[in-house]
Structures are given as C-alpha cells and as structure tokens.
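User: I've got a model open here and want to poke at how its labels are justified. Can you walk me through the reasoning?

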Amino acid sequence: MTGSSTVLAELSGGVLRVTLNRPDKLNAFNEEMHLALRAAIQRAHDEGEVRAVLLTGAGRGFCAGQDLGDRDPRRGGPAPDLGATLDKFYNPTLRLIRGLAKPVICAVNGVAAGAGANIALACDIVLAARSAKFIQAFSKIGLIPDAGGTFNLTHILGEPRAKALAMTAEPLPADTAADWGLIWKAIDDDRLMDEADALAARLAAGPTLGLGLTKMLIQDAATNSFDAQIDRERDSQRIAGRSRDYAEGVTAFLEKRAAKFTGQ
Ligand code: LHQ
C-alpha cells in the first residue's frame, strides 16, 4: 500500500486500486488529496506492472467535489482564482486519466457531486452503487460544471439533458445514469466492489496495449471526422497487429485454449 492518507493506492494482480480517503468530508478534494490522486495516476503511467486502475471512495460517498471549507468567503480577502485551481489541480489529473493507455474503472460507491461526479465520468468504465447519485452541484454555488463536465455531459447525453442537469443540480440516480448511457452499470450496493474488482482483474489480464489503443481511438472519435478516424484505426491496428498479445490471442484461438496476455 502506498499513497498519502487522503488517497490509498494498492497494487494487486495488475490492478492499482486507488481509494479517495477523506470519508468524513465525503472525500471532498483538498490540496493534499489532489496531489495524492495525481501521484497515484502517474504511478499507473510509470509502472508496467499496473495494467488497470480501479478508482473508488472510502465511506458512504464517492467524492463531493472541491472542499468548500478551503475557501470560506466569510474569511474575506480577494476573490479566489478558480481557473488557477483548475489549471493547477484538476486539469492535470483529468489529462492523466484520459491519457493513460490502460483501462480506468470507477466504482462510484456513493454520492458523486460537483467535480467528484465529473472525475468519475472521465474514467473509462463507470460502475455505480444503486444508491449512488450524480449531482452537478455547481449551479447551487454559482459555478459552471468543470472537471470535464461540459464536455462529457454534452457528448454523452446531448444538450437537453446536459443543460437540465447542470442548471437544476438535480441528483441523478445511478439507475437513470445507466439508462441514459452516462455510466456502464448500476449495481446493488452490496455487490458493487466485488463486480468492480472482477472487472478490473479481467481487464488487467487483458491485452493492455490493444486496450490502450482502443481507449485513445474512442476518445478521439468524439472530435474526429469519419475519414480521419478510419485512418487512425489503420495506424493503431498496424501497431496492435505487431503486438505479442495479438500473436498469443490468435494462437490461443487456434489451439482452443484461453489466451495468456502479457500486455505487450
Ligand atoms: C463537505 C463537502 C464539500 C466540504 C460534503 N466540502 N465538506 C470548486 C471550487 C474550486 C475550484 C474548482 O472547482 C470546483 C468544483 C466543485 O467541485 S464545485 C462543487 C463542490 N461540491 C458541492 O457543492 C457539494 C457540496 N455537498 C453537498 O451538497 C452534500 O454534502 C452532498 C449532496 C454531496 C451529500 O449530502 P449528504 O449526504 O446530506 O451529506 P452532508 O451534506 O451531511 O455531508 C457530510 C459531511 O461532509 C458534512 O460534514 P459534517 O462535519 O457536517 O458532518 C459536510 O459538510 C461534508 N461535505 N461535501 N464539498
């Protein structure tokens, strides 16, 4: 187990399990937690043994976004530069998650609000406890949905639902989030972590290079033309076709046995 006390990081069987750990604050972000989360995702980039990441939260919540106690306006002083906070803390971590050529699974174990909701939505496969809710809480405090919210909500849901969620801050139950395609699955609370662990283990035993290429292609499809995208598929398939895992996958199929992927 590594990491600070605010973010626990544990590598087992190729899965780096990263747990946001300020449960008495519903895992709201302070500066230490920002840096610790970034360090954990950076570790997933740096270490070849990490072949999948599982992000979750300790206690009854997943993450309540920014710790609002950190910038109490009652203390007076100049207004904070929240753009600088995004530049310094949120955006580098979001870019690391999206740029990590390995699967990132998010197990939303409870309420996900503000930037907490949008960090979950930036992950590759999102499972949520049936009791969890996603809240675009920003409009309640006069802010805009950050942490990739305006991008992901709009691309995944379209303008009507994105605007309504953002402007009303109404909690979206996990089942509805799954029905709308915002997340992969809602799962009974007592089954969530078992299913998330099993999925993470399965992906960590997968063809990591090919899964990473797949992730990047699907992300880029949102902004590429069809024409550009099929060229990218050609380039990526060329790389995948030269991987050891492709040779192993085809050999295993022909030999009627399970493939043993190494991620290369
Ligand atoms: C919290 C928080 C919290 C501190 C619960 N902070 N303590 C913002 C600014 C800067 C830069 C850029 O980006 C951003 C992005 C953002 O994330 S803005 C959105 C910030 N988040 C929110 O507005 C959500 C605030 N929290 C809530 O609305 C509720 O806590 C939710 C709906 C998440 C959960 O409600 P409950 O289940 O009723 O729990 P609770 O409210 O009783 O919270 C439990 C404790 O956690 C409580 O502390 P206490 O000492 O009273 O037990 C809360 O004060 C604390 N907490 N969120 N964001």
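User: What makes the pair between Leu-68 and the ligand a polar contact?

Analyst: A backbone N or O atom of Leu-68 sits 2.9 Å from a nitrogen atom of the ligand. The cut-off is a pair of N or O atoms within 3.5 Å, so this pair counts. Keep in mind that the model is predicted.

User: How much of the ligand does the protein cover?

Analyst: It's 64% of the 1000 Å² of accessible area that the ligand has on its own.

User: What other backbone atoms lie within 3.5 Å of the ligand's N or O atoms?

Analyst: Gln-66 has a polar backbone atom 2.9 Å from a nitrogen atom of the ligand. For Asp-24, a backbone N or O atom lies 3.5 Å from a ligand oxygen atom.

User: Which element gives the most to the shell around the ligand?

Analyst: That's H2, with four residues. Helix H2 (82–99) and strand S6 (111–113) each supply at least two. By class, the shell has 15 nonpolar, four polar and six charged residues.

User: How do you know what span is expected for helix H9?

Analyst: Helix H9 (residues 226–241) has 16 residues. The rule takes 1.5 Å times one less than the number of residues, so 22 Å is expected, and H9 reaches 22 Å from its first C-alpha to its last.

User: Which residues of H9 are buried, and why are they said to be on the same side?

Analyst: Gln-229, Ser-236 and Ala-240 are the buried ones. They cover an arc of only 45 degrees around the axis, so they end up on the same side of H9.

Note on methods. Residues numbered from 1 in each chain as written. Predicted model: local features only at pLDDT ≥ 70, side-chain atom pairs only at ≥ 80, totals over all residues. Heavy atoms only, no water. Polar contact = N/O pair within 3.5 Å; in protein donor to acceptor, adjacent residues only side chain to side chain. Areas by Shrake-Rupley, 256 points an atom, 1.4 Å probe, with all protein chains shown as cover. Nonpolar A, V, L, I, M, F, W, Y, C, P; charged D, E, K, R; others polar. Buried < 20%, exposed > 50% of the residue type's maximum accessible area, 1.4 Å probe, protein only. Arc of directions from axis to C-beta.
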